[in-house]
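Thank you for having me at the group meeting this morning. I would like to walk through one structure with you, beginning with its aromatic rings and then turning to its sheet.

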Amino acid sequence: MIELVKNPKYDFMAIKNYAFAFSAVLMILGLIGTVQIFRGHANLGIDLAGGTSIQAKFRNPVSMERVRSLLADAGHSGAMLQGVEGDTVLMIKLRAVGGQEERMVAEPVLKLLREKMPENPFVVESISEIGPAIGHKLRQDATWALAIAFLAIIVYLAWRFEFKFGVTATVATFHDIFAMVGIFWALGLEQDLLFITALLTIGGYSLTDTVVIFDRIRENIRLRKRNTFSETINLSVNEVLSRSLVTGFTVILAVAALLAFGGDVLRNFALALLIGLVIGSYSSIFVAGPMLVLWRGEKMADVKR
C-alpha cells in the first residue's frame with residue numbers, strides 16, 4: 001500500500017482544545033444556518049422552496065440587464081439569472097413568494113420573452129415548476145432522513161462497539177453535516193436536493209473513516225493496557241493516518257474532476273462533497289477521539305469484541 005507518511009508520531013491530542021474551539025465556531029455557524037433554513041431565509045433551491053426554473057437556448061447572446069428589466073416590469077423583480085455557454089443559454093429561477101405560491105409562471109414568462117425579444121428567438125431546454133407545498137414536503141422528508149440516519153448510526157455503533165463509541169461517532173458525523181450547512185449558508189450558496197444528497201454521502205464517508213479509527217483504538221486497548229487512553233488514541237490515529245490520507249486524496253481527485261467538468265448543474269454538489277471530505281477527515285482525526293476521552297476518561301477499560 002502507498003504510504004504518504006512513514007511512521008508518523010504526531011500528538012493529535014495535544015491540540016484538542018484548538019480543535020474544539022474551531023469546531024465550536026463551525027457548530028454555531030451550522031446552527032444559525034439550520035435556523036435560517038427553517039425560517040425560509042437561506043438560499044434554498046427551487047426544489048426545496050418552491051418556484052419555477054427555466055432554461056432556454058437563444059440564437060444570439062442575451063443581455064442579462066434587458067431580461068432582468070423585462071421580468072421586473074412583469075412583477076418578477078427577484079428573478080435570478082444565470083448565463084452559460086457565452087450567454088446564449090439562459091437559466092431563470094423564480095422563487096414562489098407570498099400568496100403567489102401556487103401560480104405557475106413559466107408560460108407567461110416565456111411568452112413575455114418571445115414578444116419583447118423577437119429578434120433573438122430561443123428554444124426551451126427545460127422547465128421545472130414546483131409548488132411550495134411540495135417544497136415543504138421535501139424539506140420535511142430530508143429532515144426525517146437525517147433523523148433516521150442519526151438513530152441508525154447510534155444503534156449500529158452501540159452494537160458494534162459500545163454506547164459511548166456510538167454516540168461519539170454520531171456526534172462527529174453530524175458535526176460534519178452541521179458544518180457544511182453553516183458554510184453553505186455563510187457563503188450564500190444554493191441548498192437543494194443535490195445538497196441534501198451530498199450531506200448524506202458525506203455522513204456515510206465520515207462515519208466509515210471514524211469507524212476505521214475506532215476499530216484500531218479497540219484493538220490497541222486490548223494490546224497496550226499500560227498506555228493512557230489519550231496515548232492509545234494518538235497511536236491509533238497515527239497507525240491509520242497514511243490509509244486515511246490516501247483514501248481522502250483519491251476521493252478528492254474524483255470530486256475535483258466533477259467540480260471542473262460537471263457543469264453548472266453539478267457544481268454546488270461537487271463543492272459540497274469537496275468541503276465535506278475535508279471536514280469529515282478533520283473530524284475523524286481531531287474531534288471523534290478527543291470527545292471519546294472527555295466522556296470515557298483515561299481509564300483503559302476493555303471494550304466489546
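Before we start on the aromatic cluster, we need to agree on what a pair is: rings of Phe, Tyr and Trp, taking the six-membered ring of Trp, pair if their centres lie within 6.5 Å, and a pair with planes over 60 degrees apart counts as edge-to-face. Please keep in mind that this is a predicted model.

By that rule, the count comes to seven aromatic pairs. Take Y10 and F12, whose ring centres are 6.0 Å apart and whose planes stand at 65°, so this pair is edge-to-face. As for exposure, Y10 is partly exposed, with a relative accessible area of 47%, whereas F12 is buried, with a relative accessible area of 10%. Both residues belong to one aromatic cluster, which is formed by Y10, F12, F22, Y282 and F286.

Let me now move on to the sheet. In what order do the four strands lie in the open sheet? The order is 2-3-1-4, and the pairing is antiparallel. The edges are strand 2, residues 80-84, and strand 4, residues 122-130, each of which pairs on one side only. From one strand to the next, the twist averages 15°.

If we look at strand 1, residues 51-58, we find eight bridges joining this strand to strand 4, and the two run antiparallel; S53, for instance, has S128 in strand 4 as its bridge partner. Finally, helix 3, residues 64-73, packs on the sheet, where the helix touches strand 2 and strand 3, residues 89-95, and the direction of helix 3 makes about 150° with that of strand 2.

Conventions. Residues numbered from 1 in each chain as written. Predicted model: local features only at pLDDT ≥ 70, side-chain atom pairs only at ≥ 80, totals over all residues. Heavy atoms only, no water. Phe/Tyr/Trp six-rings, centres within 6.5 Å; stacked < 30°, edge-to-face > 60°. Buried < 20%, exposed > 50% of the residue type's maximum accessible area, 1.4 Å probe, protein only. Pairing = 2+ DSSP bridges. Axes fitted to C-alpha atoms, helices over the stretch in contact; angles between N-to-C directions. Contact = heavy atoms within 4.5 Å.
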